[in-house]
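Visitor: I should like to request a close look at the surroundings of the ligand. Please set that part within the chain that carries it, and go through the details in one connected account.

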Amino acid sequence: MIESHQISSEKALGQQFFISPGITESQITQLISLTSAQSDPATMRNTSDWKNGKGRFASRANFDTWLNKGRSIYVLSQDSQDVAGIVWYGAEQLPSDGNTFIHGFDSTKYGITYAIRLYGSARGVGLAPTFTNTSLEMFRSSSEYQKITNNGVWLETNSDSISAIKAYEKIGCKQVSTSTQNGRIIMVFPSLV
Ligand SMILES: CC(C)(COP(=O)(O)OP(=O)(O)OC[C@H]1O[C@@H](n2cnc3c(N)ncnc32)[C@H](O)[C@@H]1OP(=O)(O)O)[C@@H](O)C(=O)NCCC(=O)NCCS
């Protein structure tokens, strides 16, 4: 029996969503189709999911290669089980190359990468903070988490992605790097280290 958690938000107007660990075959197909439809400018612009057909969710082969890096996935869905969102965590050291960190920041403590996507009616209704907090709790009680030694969680985002940054700030994330030439910044969950 897979443990799932129910969430909602004020702006979601009573719609209930469920967070489940893992991803089913049909959800993988949906994720690829949501990505390769190229009908989602925000995902195209802010993520490497499509990346001219070379991104992590651009094809089944790419998805499998990405998953093999060791990623714990949590899917957001409604009763239909259709993918309304995805969050993932994985053991990956925050790269110090190419990033200029704020004075005193110790990047070596951050060994868990995190990312989030919301789709369709799940986007723009304030679900990102609860989806993140709940999935992070689930991940922290998993065996994958226990194997990781540097337990700090980090993420990368575009410095002009206002909805993403606002959502991350709501759950206490702090910016710890200056913007790269590509306009990317690193944020971390400081309360976890
Ligand atoms: C980024 C993402 C996860 C944000 O989650 P979300 O729950 O949809 O976030 P919301 O749209 O509810 O916005 C979060 C906050 O930013 C605010 N916001 C959004 N756009 C804004 C703008 N242009 N100016 C000011 N505030 C803005 C919202 O009002 C909201 O604040 P509130 O809850 O206090 O009202 C989601 O939009 C998404 O998946 N986008 C596509 C993929 C992506 O960009 N992922 C992130 C990659 S780093």
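Guide: The protein chain contains 6 helices and 8 strands, where helices (H or I, at least four residues) and strands (E, at least two) are DSSP runs numbered from the N terminus. Their order along the sequence is β-β-α-α-α-β-β-β-α-α-β-α-β-β. This is a predicted model, in which local features need pLDDT of at least 70 and side-chain atom pairs count only at pLDDT 80 or more, while totals for chains, interfaces and linings use all residues. Residues are numbered from 1 along each chain as its sequence is written.

The ligand is surrounded by 20 residues, the closest being Asn-46, Ala-128, Ser-163, Ala-164 and Lys-166; a residue is near a molecule if its C-beta atom, placed from the backbone, lies within 6 Å of it. Two or more residues of this shell are given by each of α2, β5 (112–118) and α6 (162–170), and α6 supplies the largest share, 5 residues. By class, the shell holds 9 nonpolar, 8 polar and 3 charged residues. Here Ala, Val, Leu, Ile, Met, Phe, Trp, Tyr, Cys and Pro count as nonpolar, Asp, Glu, Lys and Arg as charged, and the others, Gly among them, as polar.

Ala-128, one of the closest residues to the ligand, belongs to helix α4 (residues 128–140). The end C-alpha atoms of α4 are 18 Å apart, which agrees with the 18 Å expected for 13 residues at 1.5 Å a residue, the expected span being 1.5 Å times one less than the number of residues. Ala-128 is also buried, as are Thr-130, Phe-131, Thr-132, Ser-135, Leu-136, Met-138 and Phe-139 of α4. A residue is buried if 20 or more other C-beta atoms lie within 10 Å of its own, exposed if 12 or fewer, and partly exposed in between.

Phe-131 of α4 leads on to the largest nonpolar core, which has 40 residues; Phe-131 is there among the members that touch the most others, with Leu-76, Ile-86, Val-153, Trp-154, Met-187 and Val-188. Such a core is a set of buried Ala, Val, Leu, Ile, Met, Phe, Trp, Tyr and Cys residues joined through C-beta atoms within 7 Å. The largest share of this core, 6 residues, is from β4. In soluble globular proteins, nonpolar side chains tend to be buried together. Beyond four places in sequence, Ile-86 touches Leu-31, Ile-73, Val-75, Leu-76 and Arg-117, contact requiring C-beta atoms within 7 Å.

Two loops deserve mention. The loop between α2 (41–46) and α3 (60–67) holds Asn-52, whose phi is near 50°, a positive value in a residue other than glycine. Asn-52 is exposed, since 7 other C-beta atoms lie within 10 Å. Gln-81, in the loop between β3 (71–77) and β4 (83–91), likewise has a positive phi, near 75°, and is partly exposed, with 14 C-beta neighbours inside 10 Å.

As for the whole chain, buried residues make up 30% of the 193 residues. Of the contacts between residues at least 6 apart in sequence, 60% join residues at least 24 apart. The C-alpha atoms fill a box of roughly 45 × 35 × 35 Å along the principal axes.

Notes:
Two residues are in contact if their C-beta atoms, placed from the backbone, lie within 7 Å.
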